Amino acid sequence: MTVRRGKKLSVSIQEHMAIDVCPGPIRPIRQISAYFPRLSPPSPGPAPPSPASRMGGANLLSPLLAHGRPGGGGSLSLTSSVDTSVEINSSDSDDCTALGTLEFELRYVQNSSELHCTVIRAKGLKPMDFNGLSDPYVKLHLLPGACKANKLKTRTIRNCLNPVWNETLTYVGITEEDMHRKTLRLTVCDEDKLTHNELIGESRVALKRVKLDQTKHFHTCLEHPPPLPSPTAMGEALRGISCYLREWENEQLHSLEERGRLLLSLHFLPPEERDVEGGGGGGGGGEGGHGGGLCVGVKRCAHLAAMDVNGFSDPYVKIYLKPDMQKTSKHKTTVMKKTLNPEFNEEFFYEISLSELTHKTLEVTVWDYDLGRSNDFIGGVCLSCQSQGDALRHWMDCLKNKGVRAERWHILTNELPRTLGHD
């Protein structure tokens, strides 16, 4: 295009559109379904041409099928900010054992509410140090849950790619409900004294695969941790996935409200048994000794949330029997220093009749003791006829079985009991 001197430069609408609007080739808009890869079964023969290819649309879809075979038997892959790699669980795949394998056993003991994990060995671990070796150890976490509170760890084996641990790690206070909804994550890490420890790989097992009182053997391939892209860092094309991830993050935050476990014992003593055992103690609103009493045993806590900067807490337990008009039902255990798994083994007695007990609420809270400032609330649980789940079952077992001691683990949450504000 030539312009004579003295004339204005004019650009046609076609040239304007070609310069400003179309700087490069037109790309197809990716759909949300493209980010959920799936393997297609191999076809015996060439597939018939699709309508898009007959209309000349094959070139437009070529970036989506760049890594697939022409017969439709390849896997869909995209180059994007979301990692959609698909690992084929096959012993012949090199990628399956690139990080190594881990062998372990799981056993759930129903009577004691214990989950035993025996870490046996690992083979073919990926070298993480300059000498071509690693210093591996295994960490256990229960998901969902606060990682620091329920972390267990094996010993470290130096300069080895095929370590043998044969070490059993035990979780206490695991209920049958936990076995149906929780997942055990086993992480193999390389220990470095001068720098941060490096992650080699991990394996996750849904606890519902483990039958009660039976040992199940696992031999799994280590995998990379699943990516968790931030919804705010994605483009407009992933708005649907952003909403899903936001809901997933909220669910994870809600699940982290679990603050540990408490083993509680309830025992309603009829008058004659209370006289034999010599039960006494703090009054809880009863009228004389004719109605018997409630014996509350605070046994132990497990996997409490760490409230201090040293990674521990100084826990103690407070119990109330409410409503408590005379403010006489408060009892408190001793303080256990620097522990997340304290053992109390203390009992408290409330003199009360069975008819009155049906209208009461037993409030149990766990606190972290701090010298010179307010104590930190760790978690709590309320037991009454209006409770739900394990709390209701435990309370009803106590009321229906007079003279029988009932023990049960309870999940502590970071929600303050509704009656706590009245003190």
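How many aromatic pairs does the structure hold? Two. I'll come to both in a moment. Keep in mind that this is a predicted model.

First, the overview. The protein has 423 residues, and 39% of them count as buried. Its secondary structure comes to eight helices and 16 strands. Now look at contacts between residues at least 6 apart in sequence. Of these, 68% join residues at least 24 apart.

Back to the aromatic pairs. Take Phe104 and Phe218. Their ring centres are 5.1 Å apart and their planes stand at 15°, under the 30 degree limit, so this pair is stacked. Phe104 sits in strand E1, residues 101–109, and Phe218 in strand E8, residues 215–221. That is a link between distant parts of the chain, 114 residues apart. Buried or exposed, these two? Phe104 is buried, at 0% relative accessible area. Phe218 is at 4%, so it counts as buried as well.

Next, Trp367 and Phe377. Here the ring centres are 5.3 Å apart and the planes are at 70°, so the pair is edge-to-face. Trp367 belongs to strand E14, residues 361–368, and Phe377 to strand E15, residues 376–383. The two are ten residues apart. Both are buried.

Rings also meet charges in this model. Lys153 lies over the face of Tyr137, 4.6 Å from the ring centre. The charged end of Lys332 sits over the ring of Tyr316, at 5.5 Å from its centre.

Let's go to the cores. In soluble globular proteins, nonpolar side chains tend to be buried together. Here, the largest nonpolar core has 31 residues. Which residues have the most contacts inside it? Leu102, Leu106, Val138, Leu140, Tyr171, Leu184 and Leu186. Six strands each give two or more residues to this core: E1, E2 (114–123), E3 (136–143), E5 (164–172), E6 (183–190) and E7 (198–206). Apart from that core lies another, of 29 residues. Leu294, Val317, Val381 and Ala391 are among its members.

Stay with Leu102 for a second. Leaving out residues up to four places away in sequence, Leu102 touches a list that includes Val119, Val138, Trp165, Leu186 and Val188. Phe218, from the stacked pair, is also one of the residues Leu102 touches.

Now a sheet. Four strands form an open sheet, in the order E4-E3-E6-E7, with antiparallel pairing. Which strands stand at the edges? E4, residues 152–153, and E7. Each has a single partner strand, so one side of each is left without a neighbour in the sheet. E3 and E4 pair over two bridges, in the antiparallel sense. Lys139 stands opposite Lys153 of E4. That is the Lys153 we met over Tyr137.

One helix to check: H8, residues 389–400. Twelve residues at 1.5 Å each, counting one less than the number of residues, should span 16 Å. The end C-alpha atoms are 17 Å apart, which agrees. Which residues of H8 are buried? Asp390, Ala391, His394, Trp395, Cys398 and Leu399. Why might such positions fall on one side? An α-helix has 3.6 residues a turn, so residues three or four places apart point the same way. Ala391 also belongs to the 29-residue core.

Another residue worth a look is Leu263. It is in strand E9, residues 258–269. At 12% relative accessibility, Leu263 counts as buried. Its C-alpha atom is separated by 8.3 Å from that of Ala302, 39 residues away along the chain. Beyond its sequence neighbours up to four places away, Leu263 touches Gly297, Val298, Lys299, Arg300, Glu407, Arg408 and Trp409.

Last, some backbone points in loops. The peptide bond from Lys322 to Pro323 is cis, with omega near 5°. Pro323 is in the loop between E11 (315–322) and E12 (331–332). Ser113 has a positive phi of about 55°, although it is not a glycine. Ser113 lies in the loop between E1 and E2, and is buried at 14% relative accessible area. Asp213 is not a glycine either, and has a positive phi of about 60°. Asp213 is in the loop between E7 and E8. At 34%, Asp213 is partly exposed.

That's the tour. Over to you.

Note on methods
Residues are numbered from 1 along each chain as its sequence is written. This is a predicted model: local features need pLDDT of at least 70, side-chain atom pairs count only at pLDDT 80 or more; totals for chains, interfaces and linings use all residues. Side-chain values use heavy atoms; hydrogens and water are left out. Buried means under 20% relative accessible area, exposed over 50%, partly exposed in between (1.4 Å probe, protein chains only). Rings of Phe, Tyr and Trp (its six-membered ring) pair if their centres lie within 6.5 Å; planes under 30 degrees apart count as stacked, over 60 as edge-to-face and the rest as tilted. A charge sits over a ring if NZ of Lys or CZ of Arg is within 6 Å of the ring centre and within 35 degrees of the ring normal. A nonpolar core is a set of buried Ala, Val, Leu, Ile, Met, Phe, Trp, Tyr and Cys residues joined through side-chain atoms within 4.5 Å. Contact means heavy atoms within 4.5 Å. Two strands pair if DSSP finds at least two bridges between them.
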